[in-house]
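Please open the structure in a viewer and keep the sequence panel visible. The tour below proceeds by selections, each followed by a description of what is found there.

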Amino acid sequence: MDLEDSALTCFDWVHEHNPDRGSTGQSCKLINRRGPQWWDSAIRKGSRVSVLVFGDKVAGYANYGRNRARSLHFEGEIYELYLRPEFQGLGFGRRLFTAARRDLVQSGLKSMVIWALSDNDPATEFYRALGGRMVARSSEKFGPKSLDKVAFAWTN
Ligand SMILES: CC(C)(COP(=O)(O)OP(=O)(O)OC[C@H]1O[C@@H](n2cnc3c(N)ncnc32)[C@H](O)[C@@H]1OP(=O)(O)O)[C@@H](O)C(=O)NCCC(=O)NCCS
C-alpha cells in the first residue's frame, strides 16, 4: 500500500464514523486527486512527510511545514495526521506527532499549530492529551457546506 491509498483509507474512516458529515464526499474527491505528482509537488514546496510503516504497510502519516494561516502567529503547522483504523489507540499517533514536532523544531519552526474539525472529538481529545492549547476557531467550506474547525497550539 502506498501513501496515496493510505490517505484514501483515512478519509474512508472518517466517513464510516461520521456518515452525516457533509465534508467527506468532497474531501474524498480532493484526496483522490492526489497522485505521486501531488505529493511530489507538496514536498517541493516545503511540506515534509513522516510515514509510519508496519511490515510492508503504511500504517499512518503526518505532513507538516510552515504555518499557512497568517492570522496565527505560530511558525509551524501539522497539516494532516492520520492512522489507519487498526493502528489507532496504540500510541502510534503520539509517536507520529512527536516525530513531526521534532522535525519542525529542528527546522527552526519552534511553535506549532494543528487544525481539527470541531466535531472530531477523538482528534480534539487527542490534541488536548498531547498538551495542545486551543487558540482559534474558524470555518472552512467543503463544497456547499461550511464546517467549524479549531486550532490547537504548542509553544515549547
Ligand atoms: C487522532 C489520532 C491521530 C490519534 O492517534 P492514536 O494513535 O489513536 O492516539 P494515541 O494512542 O497515540 O494516544 C495518545 C494520547 O492521546 C489520548 N487519546 C487519544 N484519543 C483519545 C480520545 N478519543 N479521548 C481521550 N484521549 C485520547 C490517549 O489516551 C493517549 O494519552 P496517553 O499517552 O497519556 O495515554 C488517530 O486516532 C487517527 O488517525 N484518527 C483518525 C483520523 C483523524 O481524525 N486525524 C486527525 C485529523 S485533525
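In which strand is asparagine 63 found? Select asparagine 63: it is found in strand 2. The model is a predicted one, and this residue serves as the starting point.

**Asparagine 63**

Asparagine 63 is buried, because 21 other C-beta atoms lie within 10 Å and the cut-off for a buried residue is 20 or more. Now add the residues that asparagine 63 touches, not counting those up to four places away in sequence: Ala42, Ser47, Arg48, Val49, Tyr79 and Glu80. Select leucine 81 as well; its C-alpha atom is separated from that of asparagine 63 by 6.8 Å, although the two residues are 18 apart along the chain.

**The whole chain**

Zoom out to the full chain, which has five helices and six strands. Read along the sequence, these follow the pattern α-α-α-β-β-β-α-β-α-β-β. The chain has 156 residues, of which 27% count as buried. Among contacts between residues at least 6 apart in sequence, 54% join residues at least 24 apart.

Colour the chain by pLDDT next. The mean is 83, and 79% of the residues reach 70 or more. Two stretches deserve caution. Over residues 8–17 pLDDT stays under 50, and the model has 13 contacts there beyond four places in sequence. Over residues 19–26 pLDDT also stays under 50, with twelve such contacts in the model.

**Helix 3**

Select residues 36–44, which form helix 3. Is this helix well covered or hardly covered? Helix 3 is hardly covered: among its nine residues, the count of buried residues is zero. Just after helix 3, select glycine 46, which takes a positive phi of about 115°.

**Helix 4**

Proceed to helix 4, residues 92–106. Helix 4 has 15 residues and reaches 21 Å from its first C-alpha to its last, close to the 21 Å expected at 1.5 Å a residue. Select its buried residues: Gly93, Leu96, Phe97, Ala100, Arg101 and Leu104. They lie on the same side of helix 4, because they cover an arc of only 130° around the axis. An α-helix has 3.6 residues a turn, so residues three or four places apart point the same way.

What do these buried residues pack against? Their partners are strand 1, strand 2, strand 3, strand 4, helix 5 and strand 6. Rotate to the face of helix 4 turned away from the buried side, where the exposed residues Arg94, Arg102 and Gln106 are carried. Just after helix 4, glycine 108 takes a positive phi of about 90°.

**The ligand**

Select the ligand and the 19 residues that surround it; the closest are Gln88, Gly93, Arg94, Glu125 and Ala129. The elements that give two or more residues to this shell are helix 1, strand 3, helix 4 and helix 5. Which helix gives the most? Helix 5 does, with five residues. By type, the shell divides into twelve nonpolar, five polar and two charged residues.

**Methionine 134**

The last stop is methionine 134, found in strand 5, residues 133–142. Methionine 134 is partly exposed, with 13 other C-beta atoms within 10 Å. Leaving aside its neighbours within four places in sequence, methionine 134 is in contact with Val150 and Phe152. Display the C-alpha atoms of methionine 134 and phenylalanine 152: they are 4.4 Å apart in space and the residues are 18 apart in sequence.

Notes:
Residues are numbered from 1 along each chain as its sequence is written. This is a predicted model: local features need pLDDT of at least 70, side-chain atom pairs count only at pLDDT 80 or more; totals for chains, interfaces and linings use all residues. A residue is near a molecule or strand if its C-beta atom, placed from the backbone, lies within 6 Å of it. Helices (H or I, at least four residues) and strands (E, at least two) are DSSP runs, numbered from the N terminus. Ala, Val, Leu, Ile, Met, Phe, Trp, Tyr, Cys and Pro count as nonpolar, Asp, Glu, Lys and Arg as charged, and the others, Gly among them, as polar. The expected span of a helix is 1.5 Å times one less than its number of residues. A residue is buried if 20 or more other C-beta atoms lie within 10 Å of its own, exposed if 12 or fewer, and partly exposed in between; C-beta atoms are placed from the backbone. The arc is that of the directions from the helix axis to the C-beta atoms. Two residues are in contact if their C-beta atoms, placed from the backbone, lie within 7 Å. pLDDT is the predictor's confidence in each residue, from 0 to 100.
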